[in-house]
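Subject: Structure for your review

Dear colleague,

Please find below the structure that I am handing over to you. I should be grateful if you would read the notes beneath it with the model open.

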Amino acid sequence: MIPWFTFPALPFGLHAFGLLLTLSVIVNHLVLVRRARALALGSKGAIEALAIGTVAAAIGGAYGVGRLVGGGGTLSSAGGCLGAIVGLVGLARVLRMPVLAAADATTYAFPFGWIFARAACAFAHDHPGRLSSSVLAVQYPGGARFDLGLLEGMATPLLVGIVVLASRRASRPGVVTGALALAYGALRLGLDFLRAEDGRFSDPRWQGLTAAQGVCLGVLIPAGITLLLLKATPSPPAALARGASSPHSPRAPTRTPSAP
């Protein structure tokens, strides 16, 4: 069983939760920009706009859905996913970037920053799970129970491995996004079955499912399966792509030089 732990006190009135979240945003931004440049998605300014805008949309979605579902100022990771998706698609279109390629760069960066975000949740112990005597349970005041922020943080390095491997083996845009959507959707769907249902720790549920599980079942998992099953669109022959005529197409008449 894991003992109760807290982040060491920081000087100058800094709070560990905010510091780790800030670090999460910085790491996500740096990895996204680097990946987008490697994919040649656009100019430096366009890539910066994509990175900043997508994170801003994710934060807005997390706060908005958190207030709607939780009735307070909490952040919702499910809302963050929805906000990021809407922001990404809109920004990619405005910036004239291929949507799936932009999505691949964004999802590639996500788990690198998510490690620090979930570390913040783990140190804050703000995602308590069911009471348990498991070796993975944390000794919360009042009884040992699962800490879902800690459990997801422990699994996030696997998500990093998935996006790195998918990016190396992908033969078309959308594969990295599909792999992460399916993997994270399945992970979060399973973890939320361990979420607390007693007293003040209980979260709102619809048909026995949390809001995050609804997003996983309705958006992430179906989208992941769809993107992984998509077939690559065949590219036109190089000669046709350059505008050259085929052997069966009419040729332009040739002009014979006139005699002087």
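The following paragraphs set out what was found, region by region.

Please bear in mind throughout that this is a predicted model.

**Annotated spans**

The UniProt record, an unreviewed entry, carries the annotation "transmembrane region" for residues 12-33, 45-65, 77-95, 107-125, 145-166, 173-191 and 211-230. Two of these spans may be set against the model. Residues 77-95 are 95% helix and 0% strand, with their end C-alpha atoms 26 Å apart. For residues 145-166 the make-up is 86% helix and 14% strand, and the end C-alpha atoms lie 34 Å apart.

**The nonpolar core**

The largest nonpolar core has 38 residues, of which Leu41, Leu50 and Met97 touch the most other members. At least two residues of this core come from each of helix H1 (16-38), helix H2 (44-70), H3, H4, helix H5 (148-169), H6 and H7. The most is given by H4, with eight residues. To see the surroundings of one central member, please select Leu50: leaving aside residues up to four places away in sequence, Leu50 touches Leu32, Leu41, Leu88, Leu91, Leu95, Met97 and Ala102.

**Helix H7**

Helix H7 comprises 19 residues, 211-229. At 1.5 Å a residue, these should span 27 Å, and the end C-alpha atoms are 26 Å apart, which agrees. H7 nevertheless contains a kink of about 40°, centred on Leu217. Buried residues of H7 are Ala212, Gln213, Val215, Cys216, Leu220, Ile221, Gly224 and Leu227. Their cover includes helix H3 (77-94), helix H4 (99-124) and helix H6 (175-191).

**Salt bridges**

How many salt bridges does a search of the whole structure find? The search returns six. Two of them share Asp192: Arg188 pairs with Asp192 at 2.9 Å between the closest N and O atoms, and Arg195 pairs with Asp192 at 3.4 Å. Arg188 has a relative accessible area of 7%, so Arg188 is buried. Asp192, at 3%, is buried too, and Arg195 is likewise buried.

A further salt bridge joins the side chains of Arg205 and Glu197, at 3.8 Å from N to O. Here the setting is partly exposed: the relative accessibility is 23% for Arg205 and 43% for Glu197. Arg205 and Glu197 also belong to a network of salt bridges that includes Arg130.

**Two loop residues with positive phi**

Most residues other than glycine have a negative phi. Against that background, two residues deserve a look. Arg96, which is not a glycine, has a positive phi of about 60°. Arg96 sits in the loop between H3 and H4. With a relative accessible area of 78%, above the 50% cut-off, Arg96 is therefore classed as exposed.

Gln207, also not a glycine, has a positive phi of about 55°. Gln207 belongs to the loop between H6 and H7. The relative accessible area of Gln207 is 82%, so this residue too is exposed.

**Two positions in helices H1 and H4**

Is Ser24, in helix H1, buried or exposed? With a relative accessible area of 9%, which is under the 20% cut-off, Ser24 is buried. Apart from residues up to four places away in sequence, Ser24 touches Gly113, Trp114, Phe116 and Ala117.

Ala124 is part of helix H4. Its relative accessibility of 38% falls between 20% and 50%, so Ala124 counts as partly exposed. Although Ala124 and Gly149 are 25 residues apart in sequence, their C-alpha atoms are 8.8 Å apart in space.

**Where to begin**

Should you wish to follow these notes on screen, Leu50 is a suitable starting point for the core, as one of the three residues that touch the most other members. From there you may turn to the kink in H7 at Leu217, and then to Asp192, which forms salt bridges with Arg188 and with Arg195.

Yours sincerely,

A colleague

Key:
Residues are numbered from 1 along each chain as its sequence is written. This is a predicted model: local features need pLDDT of at least 70, side-chain atom pairs count only at pLDDT 80 or more; totals for chains, interfaces and linings use all residues. Side-chain values use heavy atoms; hydrogens and water are left out. Helices (H or I, at least four residues) and strands (E, at least two) are DSSP runs, numbered from the N terminus. The expected span of a helix is 1.5 Å times one less than its number of residues. The bend at a residue is the angle between axes fitted to the seven residues ending there and the seven starting there. Buried means under 20% relative accessible area, exposed over 50%, partly exposed in between (1.4 Å probe, protein chains only). Contact means heavy atoms within 4.5 Å. A salt bridge is a side-chain nitrogen of Lys or Arg within 4 Å of a carboxyl oxygen of Asp or Glu. A nonpolar core is a set of buried Ala, Val, Leu, Ile, Met, Phe, Trp, Tyr and Cys residues joined through side-chain atoms within 4.5 Å. UniProt positions are given in the numbering used here, feature names are shortened, and annotations may be inferred rather than shown by experiment.
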